[in-house]
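User: I'm new to this structure and would like to learn how to read it. Could you walk me through it step by step?

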Amino acid sequence: MVSRMANKQFVQMGRVEIQRSSVSCLPFSDNKFDLITAVNTHNYWSDLVTDMQEILRVLNPGGKLIIIGSVYEGGKYDKRNQKYAELIEIAFPSATELRDLFLRAGYSEVQMFEKYDRSWICDIGRKPF
């Protein structure tokens, strides 16, 4: 696995543990993490709101989820990406829709950033205290 090789030194030191699981059923106790990031993966989640709620469960109060993506509705490569999303049947939310999904999943202080010229969005939500 690439992640094991890239983090070999930290794994051996006991500072990093790599586990494979589905975002729909995370193998961690409640209130475990301060920060969770998802880079170009949310499009593949089976149910965005439910999966974001599962992440919310394992975040500490005040913890943050950061989602960064380059395949989104309204982006610089929208027409190409929409065809791709339809072909492989993945989620294709706009930056605003992703922000709304954070709110529906129970996050607070939701922020949305877009770099249209680079074709990426970043949404950040905090688990309420």
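Analyst: Sure, let's start with a cut-off: a residue is called buried when its relative accessible area is under 20%, exposed when over 50%, and partly exposed in between. Tyr 107 has a relative accessible area of 4%, so Tyr 107 is buried. Keep in mind that this is a predicted model.

User: How confident is the prediction, then? What is the mean pLDDT of the protein chain?

Analyst: The chain averages a pLDDT of 94, and 100% of its residues reach 70 or more. Going element by element, helix α1 (residues 2–6) has the lowest mean, 88, while α3 has the highest, 98.

User: Next, helices. Which residues of helix α5 are buried?

Analyst: Here's the general idea. An α-helix has 3.6 residues a turn, so residues three or four places apart point the same way. Now the case here: helix α5 covers residues 95–105, and its buried residues are Ala 95, Leu 98, Leu 101, Phe 102 and Ala 105. These residues sit on the same side of α5, because they cover an arc of only 110° around the axis.

User: And what do the buried residues of α5 pack against?

Analyst: They pack against α3 (48–58), β2 (59–69), β3 (108–115) and β4. Just after α5 comes Gly 106, with a positive phi near 105°.

User: Let's look at α3. How many of its residues are buried?

Analyst: α3 is mostly covered, with 8 of its 11 residues buried. Among them are Leu 48, Met 52 and Ile 55, but also Asp 51 and Glu 54. The cover over these buried residues includes β1, β2 and α5. Have a look at the N-terminal end of α3 too: Asp 47 caps it, with a side-chain oxygen 3.3 Å from the backbone nitrogen of Val 49.

User: How do I read a nonpolar core? Which residues have the most contacts inside the largest one?

Analyst: Think of buried nonpolar residues joined through their side chains. The largest such core has 23 residues, and those with the most contacts inside it are Trp 45, Met 52, Ile 55, Leu 65, Ile 67, Phe 102 and Tyr 107. Two or more residues each come from β1 (33–39), α3, β2 and α5, and α3 gives the largest share, 6 residues. Try clicking on Leu 65: away from its sequence neighbours, Leu 65 touches residues including Met 52, Ile 55, Phe 102 and Tyr 107.

User: What about aromatic rings? How many aromatic pairs are there in the whole structure?

Analyst: For a ring pair, check the distance between centres and the angle between planes; over 60 degrees counts as edge-to-face. The whole structure has 2 aromatic pairs. Phe 28 and Phe 33 are edge-to-face, 5.0 Å centre to centre with 90° between the planes. Phe 102 and Tyr 107 are edge-to-face as well, at 5.2 Å and 70°.

User: Are those rings buried or partly exposed?

Analyst: Phe 28 is partly exposed at 25%, and Phe 33 is partly exposed at 26%. In the other pair, Phe 102 is buried at 0% and Tyr 107 is buried at 4%.

User: One last feature, a charged residue's surroundings. Where is Arg 126?

Analyst: Arg 126 lies in strand β4 (residues 120–126). Its relative accessibility is 19%, so Arg 126 counts as buried. The side chains of Arg 126 and Glu 109 are joined by a polar contact of 3.2 Å. Beyond its sequence neighbours, Arg 126 is also in contact with residues including Gly 62, Lys 64 and Tyr 107.

Terms used
Residues numbered from 1 in each chain as written. Predicted model: local features only at pLDDT ≥ 70, side-chain atom pairs only at ≥ 80, totals over all residues. Heavy atoms only, no water. Helix = DSSP H or I, 4+ residues; strand = E, 2+ residues; numbered from the N terminus. Buried < 20%, exposed > 50% of the residue type's maximum accessible area, 1.4 Å probe, protein only. Polar contact = N/O pair within 3.5 Å; in protein donor to acceptor, adjacent residues only side chain to side chain. Contact = heavy atoms within 4.5 Å. Phe/Tyr/Trp six-rings, centres within 6.5 Å; stacked < 30°, edge-to-face > 60°. Arc of directions from axis to C-beta. Core = buried A, V, L, I, M, F, W, Y, C linked by side-chain atoms within 4.5 Å. pLDDT = per-residue confidence, 0-100.
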